[in-house]
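Dear colleague,

Here is the structure I promised to pass on to you. Please open it beside this message, and then read the notes below with the coordinates in view.

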Amino acid sequence: MDGSGKPVSDGAAQAAYDGPPDYRVVGRHGIFPELTHDEVERFNFLAQMNRHLAARVLPGVKSAFDSRVAPAFKTEHGRDFKDRHEVRRALTKDPYWRLWSALRRSTMEIRQQAGRWATLRQREALADRAKALIGDDQDRLVLDPAMTLPRYIAAIDHHCMPGSYHTEYGAGDVANAANYDSGLFATTGGMLGRYNDGGGQAVVQWVKTNLPDFKPKRILDIGCGLGHNAVPIAQAFPDAEVVAVDVGAPMLRYGLARAKSLGVDNIRFVQANVESLPQFADASFDWVQSTMFLHETSYASMKRIFAESFRLLAPGGFVLHVEQPQYAPTMPLFEQAMRDWDAFYNAEPFWTKMHEIDLDAWMTEAGFPAETILHGGVMAVVDTTLFPAVAEEKGEDYGRKAAWHVVGARKEVV
């Protein structure tokens, strides 16, 4: 029946489905956790819920801001907002914003519960699978059990994930990496594609389009996580050696097992703090790369990371950082405040400061000539016969949408 109670004829046109794909189309590489029917449906529910919040609930926050929050502020103060912090504080008093924020936070907590439920119960089996895939190939997995974690990593459960990227529950553990990998579908509504590698695919596409003559032989991916962005780079440049660095041993074990199960043989995973990489010689990489990593480092560490990237880069080489867009003066204060949500409610404390930094100035301070600095935009590259295309997504989830900014520079040839 339709809304009036009348029966709908068999020939009536039905609205085309535009929601997330079914979780069952997610790629099952060799180390992907096994999920039961109910675990799959939890992730399907979360993907649908996140899509609903972004497409149908979030627009109401903007309406509440325009109709209530901004006018009330101007009446009280006799002026408009001066910065995003005033906007955020005013929004937190509005009941509609509170509803949206509580729902968004709840989906993150439920997403972590769903992932941990599925992966912790099989953590020993996952560790065994990782060990079997890695085998005796220790040259491609270099771990440092004595490494001291930076406090800005050790003290935070990123994305509300208990234990973050680095916690180990036993010998050879990969559970938190499996949790992260299996739940990305729910957080993004499938917009990272079959193997959650749409970001890496986008970087490859951007480089091949904008730097067509660039033929790197050695590539460094910093803050690689489980390698889902580094592996597409290794696949696209099969003659290059890719070195993927991270502080989390579970991520690196999982990353190598994942790469090997996908037949990618030109990538090596190294445990290290990317602020200082003395094991690598000066000018030893043609391309230094990060994808959605800078916002998880502290303000103090970022300058050291930029300086170390410059040291490691060979003359004529490129550094490229892919991130959510910076808070430029052209970005509305409402959008800036909404993007700051992750800093206050999703265990991303460095998000807000990182996104206000003048990255161009920091690049030049690290040694890159201002005239070599480059910018661009990328969107996740996916198989659109199964997964939604970011360009066609009508909503903006302020920090979750798989559309990013590229900032980079080229090291001069002396």
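What follows is a description of the sheet, the annotated span, the cavities, and one helix with the pocket beside it.

Please keep in mind throughout that this is a predicted model.

I begin with the sheet. Its 8 strands form an open sheet with mixed pairing, and their order is 1-4-3-2-5-6-8-7. Strand 1 (141-142) and strand 7 stand at the edges with a single partner strand each, so one side of each is left without a neighbour in the sheet.

Within that order, strand 2 and strand 3 pair in the parallel sense over 5 bridges, and the bridge partner of Arg218 in strand 3 is Glu241. Strand 2 (residues 218-222) is largely enclosed by the rest of the structure, because 4 of its 5 residues are buried, that is, under 20% relative accessible area. Strand 5 (residues 285-291) and strand 6 run parallel and are joined by 6 bridges, with Thr291 standing opposite Val322 in strand 6.

Beyond this, the direction of the pairing turns antiparallel: strand 6 (residues 313-323) is joined to strand 8 (residues 403-410) by 6 bridges, and Val319 stands opposite Ala409 in strand 8. Strand 7 (residues 374-379) also runs antiparallel to strand 8, again with 6 bridges, and here Gly376 stands opposite Val406 in strand 8.

As to annotation, an unreviewed UniProt entry lists residues 219-317 as "domain: Methyltransferase". In the model, that span is 34% helix and 27% strand, and its end C-alpha atoms lie 10 Å apart.

Next, the enclosed spaces. The structure holds 3 cavities of 30 Å³ or more, and the largest of these has a volume of about 780 Å³. There are 46 residues lining the largest cavity, and the closest to its centre are His159, Tyr165, Tyr180, Met292 and Glu296. The elements that give two or more residues to this lining are helix 3 (95-120), helix 5 (151-154), helix 6 (175-188) and strand 3 (241-246); helix 6 gives the most, with 5 residues. Sorted by class, the lining of the largest cavity has 20 nonpolar, 18 polar and 8 charged residues.

Finally, a helix and the pocket that it helps to line. How much of helix 2 is buried? Helix 2 (residues 84-91) is mostly covered, with 6 of its 8 residues buried, namely Arg84, Glu86, Val87, Arg88, Ala90 and Leu91. The cover over these buried residues includes helix 1 (37-77), helix 3, helix 11 (333-339), helix 12 (341-345) and helix 13 (351-354).

Helix 1 and helix 2 also each supply at least two residues of the lining of the second largest pocket, whose volume is about 240 Å³. Helix 1 gives the most to this lining, with 5 residues. The residues that line the second largest pocket are Val69, Ala72, Phe73, Glu76, His77, Glu86, Arg89, Ala90, Lys93 and Asp94, and by class the lining has 4 nonpolar, 1 polar and 5 charged residues. Glu86 and Ala90 are thus named twice in this message, as buried residues of helix 2 and as part of the lining of the second largest pocket.

With best wishes

Definitions and conventions: Residues are numbered from 1 along each chain as its sequence is written. This is a predicted model: local features need pLDDT of at least 70, side-chain atom pairs count only at pLDDT 80 or more; totals for chains, interfaces and linings use all residues. Side-chain values use heavy atoms; hydrogens and water are left out. Two strands pair if DSSP finds at least two bridges between them. On a 1 Å grid over the protein atoms alone, a cavity is a set of points where a 1.4 Å probe fits but cannot get out, and a pocket is an open set with protein on both sides within 12 Å along at least five of seven lines; lining residues have an atom within 4 Å of a point. Grid points are joined across faces, edges and corners, and a volume is the space filled by probe spheres set on the points. Ala, Val, Leu, Ile, Met, Phe, Trp, Tyr, Cys and Pro count as nonpolar, Asp, Glu, Lys and Arg as charged, and the others, Gly among them, as polar. UniProt positions are given in the numbering used here, feature names are shortened, and annotations may be inferred rather than shown by experiment. Buried means under 20% relative accessible area, exposed over 50%, partly exposed in between (1.4 Å probe, protein chains only). Contact means heavy atoms within 4.5 Å.
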